[in-house]
Amino acid sequence: FGNLPHSIDWRTYGVVTPVKNQGNCGSCWAFAATEALESYYAIATGQLKTLSEQQILDCTINATNCGAGVGGGCNGGTVEAAYDRIYEMKGLASEWTYPYTSFFGEGHSCNLTKTEPSGDRVNINNYVQLPENDYEALLSHVAYYGPPAVSVDATNWFMYESGVFNGCNQSHPDVNHAVILAGFNTDPKLGDYWLVRNSWGPEWGENGYIRLHRSSKTE
């Protein structure tokens with residue numbers, strides 16, 4: 001890791017939108033996919049746009065049977081399914097055009113007539129899946145390319161308020177949440193950490209973020 005920077009926080013580059021709140025809808029997968037696309041588009045073009053989670057929720061059929069699957073999307077899904085569907089729809093609309101209406105858990109029908117013309121949407125040509133649980137690959141990607149969507153065990157996150165959190169079940173994790181890995185750093189007292197953007201509103205944690213203990217080994 002000799003050539004890697006000591007730290008990075010993609011918020012300081014102006015490529016991360018404000019923290020959002022998924023509410024009572026199990027839509028973390030759509031939020032993570034949308035927020036990652038927002039940042040990578042901003043890195044590529046210099047334009048930071050707030051995009052529509054609702055379009056993904058309404059229009060993505062979950063063929064992998066992860067969660068409920070059809071319409072609404074409040075019972076779960078995957079970031080990969082979201083990316084594939086964005087490509088099929090020829091892009092993702094802006095939040096103001098197709099706003100989030102599933103905060104209280106309601107499902108809705110797909111309505112692409114609400115979106116901008118396809119030329120005005122933000123599209124995706126391809127995406128990369130990093131090797132699972134590969135510390136070096138993840139660290140390098142965050143350092144050099146941008147803030148990816150990651151899957152985590154957030155079972156005990158409800159108790160988090162501040163600091164570097166080290167309360168995860170490392171031996172038998174329940175991977176149940178999708179979030180954005182916005183950077184990494186080292187706290188002089190609390191040690192190495194990942195900077196993680198959540199979708200539970202800015203009132204949660206450290207202005208909507210959690211600092212997770214970072215280690216290349218299971219401890």
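How many bridges join strand 2 to strand 4, and do these strands run parallel or antiparallel? In this predicted model, strand 2 and strand 4 run antiparallel and are joined by four bridges.

## Strand 2 and its partner

Within the pairing of these strands, S151 stands opposite A178, a residue of strand 4. The side chains along strand 2 alternate in direction, with V150 and V152 pointing to one face, where they are buried, and with A149 and S151 pointing to the other face, where they are not buried.

## Nonpolar cores

The largest nonpolar core has 31 residues, and those with the most contacts inside this core are W157, F184, W194, V196, I210 and L212. At least two residues of this core come from each of helix 4 (135-144), strand 2, strand 3 (164-165), strand 4, strand 5 (191-197) and strand 6 (209-213). A second core, separate from the largest one, has 23 residues, among them L51, A82, L92 and I180.

V196 deserves a description of its own surroundings. When residues up to four places away in sequence are left out of the count, V196 touches W157, V179, I180, L181, G208, Y209, I210 and L212.

## Helices 1 and 3

Helix 1 has 18 residues, and the distance from its first C-alpha to its last is 25 Å, which is close to the 26 Å expected at 1.5 Å a residue. This helix is mostly covered, in that 13 of its 18 residues are buried. The residue that follows helix 1 is G46, which has a positive phi, near 85 degrees.

Helix 3, which spans residues 79-88, has V79, A81, A82, Y83 and I86 as its buried residues; of these, A82 also belongs to the second core. The elements that cover the buried residues of helix 3 include helix 1 (28-45), helix 2 (53-59), strand 2 (149-152) and strand 4 (177-187). After helix 3 comes K90, whose phi is likewise positive, near 60 degrees.

## Salt bridges

The count of salt bridges comes to eight. One of them is formed by the side chains of K20 and E53, with an N to O distance of 2.5 Å. This pair links distant parts of the chain, since K20 lies in the loop between strand 1 (8-9) and helix 1, whereas E53 lies in helix 2, 33 residues apart. K20 and E53 are each buried.

The side chains of R211 and D187 also meet in a salt bridge, at 3.1 Å from N to O. Here too distant parts of the chain are linked, with R211 in strand 6 and D187 in strand 4, 24 residues apart, and both R211 and D187 are buried.

A further salt bridge joins R214 to D192, with 3.8 Å between the closest N and O atoms. Because R214 lies in the segment after strand 6 and D192 lies in strand 5, the pair ties together parts that are 22 residues apart in sequence. The relative accessible area of R214 is 7%, so R214 is buried, being under the 20% cut-off. D192, by contrast, has a relative accessibility of 31% and therefore counts as partly exposed. Elsewhere, K20, E38 and E53 are joined into one network by salt bridges that share partners.

Note on methods. Residues are numbered from 1 along each chain as its sequence is written. This is a predicted model: local features need pLDDT of at least 70, side-chain atom pairs count only at pLDDT 80 or more; totals for chains, interfaces and linings use all residues. Side-chain values use heavy atoms; hydrogens and water are left out. Buried means under 20% relative accessible area, exposed over 50%, partly exposed in between (1.4 Å probe, protein chains only). Contact means heavy atoms within 4.5 Å. The expected span of a helix is 1.5 Å times one less than its number of residues. A nonpolar core is a set of buried Ala, Val, Leu, Ile, Met, Phe, Trp, Tyr and Cys residues joined through side-chain atoms within 4.5 Å. Two strands pair if DSSP finds at least two bridges between them. A salt bridge is a side-chain nitrogen of Lys or Arg within 4 Å of a carboxyl oxygen of Asp or Glu.
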